[in-house]
Amino acid sequence: MHTQKSDEEYMAEALREARLALDADEVPVGAVIVHNGQVAARAHNQRELLRDPTAHAEMIAITQAAEHVGNWRLENCTMYVTLEPCAMCAGAIVLARIPRLVFGAADPKAGAVGSVYDIPRDPRLNHTVDVTRGVLEQECGEILSEFFSEKRRQ
């Protein structure tokens with residue numbers, strides 16, 4: 001019998017992606033997109049590797065999920081991401097018509113899902129997103145804190 005995984009279980013998968021980013025000396029952010037109860041995409045930040053400012057975990061995962069689903073409209077999908085999306089990623093989530101977003105740690109300096117802006121829930125846009133914040137927040141925040149404190153020591 002197949003049972004639906006919980007938000008915490010999917011966020012743990014996104015955290016595994018964040019650890020891959022950490023191992024590659026990238027800002028440790030991971031994302032997983034679930035479509036109809038199955039993982040359709042998993043990604044982590046690759047800006048340094050690809051020398052691409054848009055190579056955020058969310059952007060890569062959206063591209064993968066669209067290929068998996070066979071449509072740019074990612075209906076029946078939930079995105080799990082370890083850090084609150086920035087304006088670029090929040091806009092892409094809206095444009096991809098992802099109905100639900102779950103994130104771990106808030107980003108008070110650049111977050112666009114309630115911290116600095118609230119793009120996915122802006123009623124002026126043609127699509128709004130159901131947002132759940134703070135899932136595995138401590139674990140998601142710790143990996144980022146460790147990364148940046150290590151960078152400051154170097």
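Trainee: How many bridges join S1 to S2?

Mentor: Six bridges join the two, and S1 and S2 run antiparallel. Keep in mind that this is a predicted model. As one place to look, find Val32, which stands opposite Arg42 in S2.

Trainee: And where does that pair sit in the sheet? What is the strand order?

Mentor: Read across the sheet and you get S2-S1-S3-S4-S5, an open sheet of five strands with mixed pairing. S2 and S5 are at the edges with a single partner strand each, so one side of each has no neighbour in the sheet. From one strand to the next, the twist averages 15°.

Trainee: Okay, helices now. How do I read a packed pair?

Mentor: Generally, two packed helices are described by the angle between their axes and the distance between those axes. Here, take helix H1 (residues 7–23) and helix H5 (residues 137–153): their axes come within 10 Å and cross at roughly 5°. Angles under 35 degrees count as roughly parallel, so H1 is roughly parallel to H5.

Trainee: Which residues make the contact?

Mentor: From H1, look at Met11, Leu15, Ala18, Arg19 and Leu22; from H5, at Glu139, Cys140, Ile143 and Phe147. By type, that contact has seven nonpolar residues, no polar ones and two charged.

Trainee: The spacing along H1 catches my eye. What's the general idea?

Mentor: An α-helix has 3.6 residues a turn, so residues three or four places apart point the same way. For this case, go through the buried residues of H1: Asp7, Tyr10, Met11, Glu13, Ala14, Leu15, Glu17, Ala18 and Ala21.

Trainee: What do the buried residues of H1 pack against?

Mentor: They pack against H5 and against strands S1 (30–35), S2 (38–44), S3 (77–83), S4 (100–105) and S5 (130–133). H5, for its part, lies across S3 and S4, running at about 60° to S4.

Trainee: What span does H1 reach from its first C-alpha to its last?

Mentor: With 17 residues, H1 reaches 24 Å, close to the 24 Å expected at 1.5 Å a residue.

Trainee: Last one: backbone angles. Which residue with a positive phi follows H1?

Mentor: That's Asp25, with a positive phi of about 60° although it is not a glycine. You'll find Asp25 in the loop between H1 and S1. Another case is Asn36, also not a glycine, with a positive phi of about 50°; its place is in the loop between S1 and S2.

Trainee: Is Asn36 buried or exposed?

Mentor: Asn36 is exposed, at a relative accessible area of 53%, while Asp25 is partly exposed at 42%.

Methods: Residues numbered from 1 in each chain as written. Predicted model: local features only at pLDDT ≥ 70, side-chain atom pairs only at ≥ 80, totals over all residues. Heavy atoms only, no water. Axes fitted to C-alpha atoms, helices over the stretch in contact; angles between N-to-C directions. Helix = DSSP H or I, 4+ residues; strand = E, 2+ residues; numbered from the N terminus. Parallel < 35°, antiparallel > 145°, perpendicular 65-115°, else oblique. Contact = heavy atoms within 4.5 Å. Nonpolar A, V, L, I, M, F, W, Y, C, P; charged D, E, K, R; others polar. Expected span 1.5 Å × (residues − 1). Buried < 20%, exposed > 50% of the residue type's maximum accessible area, 1.4 Å probe, protein only. Pairing = 2+ DSSP bridges.
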